[in-house]
Amino acid sequence: MIMDYKKLGEKIRSLREKQGVSQETFALNIGMDRTYYSGVENGKHNITIGNLKKICNGLNITLSKLLEEL
């Protein structure tokens with residue numbers, strides 16, 4: 001399976017925005033650098049499973065839920 005990082009980033013951004021949290025606050029809450037996190041949302045990084053899990057924990061969703069329909 002080839003990951004579409006742009007679509008993944010768009011989905012992450014949408015879920016974060018639904019929580020009403022800024023990029024900076026969200027990144028701080030999950031222990032991730034804001035500039036790196038911004039790159040994830042913009043589809044510019046090949047993200048590791050570990051970092052995806054951090055994001056999922058912050059969004060209160062499972063990894064499988066995040067990756068479905070991508």
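With which side chain does the side chain of Asn51 make a polar contact? Select Asn51 and Tyr36: their side chains make a polar contact of 3.4 Å. A polar contact is a pair of N or O atoms within 3.5 Å; within protein, one must be able to donate a hydrogen and the other to accept it, and residues adjacent in sequence count only if both atoms are side-chain atoms.

The model is predicted, so local features need pLDDT of at least 70 and side-chain atom pairs count only at pLDDT 80 or more, whereas totals for chains, interfaces and linings use all residues. Residues are numbered from 1 along each chain as its sequence is written, and side-chain values use heavy atoms, with hydrogens and water left out.

**Stop 1: Asn51**

Keep Asn51 selected; its place is in helix H4. Helices (H or I, at least four residues) and strands (E, at least two) are DSSP runs, numbered from the N terminus. Asn51 is buried, at a relative accessible area of 18%. Here, buried means under 20% relative accessible area, exposed over 50%, and partly exposed in between (1.4 Å probe, protein chains only). Beyond its neighbours within four places in sequence, Asn51 is in contact with Met32 and Tyr36, contact being heavy atoms within 4.5 Å.

**Stop 2: the rest of H4**

Extend the selection to Leu52, Ile55, Cys56 and Leu59, which together with Asn51 are the buried residues of H4. Looking down the axis of H4, one finds these buried residues within an arc of 145 degrees, so they line one face of the helix. The arc is that of the directions from the helix axis to the C-beta atoms. This buried set packs against H1, H2, H3 and helix H5 (63-67).

Now isolate Cys56. Its relative accessible area is 3%, and it is buried. Leaving aside neighbours within four places in sequence, Cys56 is in contact with Ile61, Thr62, Leu63 and Leu66. A distance label between the C-alpha atoms of Cys56 and Phe26 should read 11 Å, for residues 30 apart along the chain.

**Stop 3: the nonpolar core**

Which residues of the largest nonpolar core touch the most other members? Select Ile12, Phe26, Tyr37 and Ile55, which do so within a core of 15 residues. Helix H1 (5-18), helix H2 (23-30), helix H3 (34-41) and helix H4 (49-59) each supply at least two residues of this core. The largest share, four residues, comes from H4. Such a core is a set of buried Ala, Val, Leu, Ile, Met, Phe, Trp, Tyr and Cys residues joined through side-chain atoms within 4.5 Å.

Centre the view on Phe26. Apart from its neighbours within four places in sequence, Phe26 is in contact with Arg16, Gln19, Val21, Tyr37, Ile55, Gly58 and Leu59.

**Stop 4: H3 and Glu41**

Move to H3, where Tyr37, Ser38, Gly39, Val40 and Glu41 are buried. Their cover includes H1, H2 and H4.

Select Glu41, a residue of helix H3. Its relative accessibility is 1%, and it counts as buried. The side chain of Glu41 makes a polar contact with the side chain of Arg13 (3.2 Å) and another with that of Gln23 (2.7 Å). Not counting residues up to four places away in sequence, Glu41 touches Gly9, Glu10, Ile12, Arg13, Arg16 and Gln23.

Next, display H1 alongside H3. Their axes come within 7 Å and cross at roughly 115 degrees. That makes H1 roughly perpendicular to H3. Axes are lines fitted to C-alpha atoms, for helices over the stretch in contact, and angles run from 0 to 180 degrees between N-to-C directions. Angles under 35 degrees count as roughly parallel, over 145 as roughly antiparallel, 65 to 115 as roughly perpendicular and the rest as oblique. At this crossing, Tyr5, Gly9, Glu10, Ile12, Arg13 and Arg16 in H1 meet Tyr37, Val40 and Glu41 in H3.

**Stop 5: positive phi**

Most residues other than glycine have a negative phi. Begin with Gly43, which follows H3 and has a positive phi near 70 degrees.

Then select Asn60, in the loop between H4 and H5. Its phi is positive, near 60 degrees, in a residue other than glycine. Asn60 counts as exposed, at 67% relative accessibility.

Finish at Glu69, in the segment after H5. Glu69 is not a glycine, yet its phi is positive at about 65 degrees. Its relative accessible area is 74%, and it is exposed.
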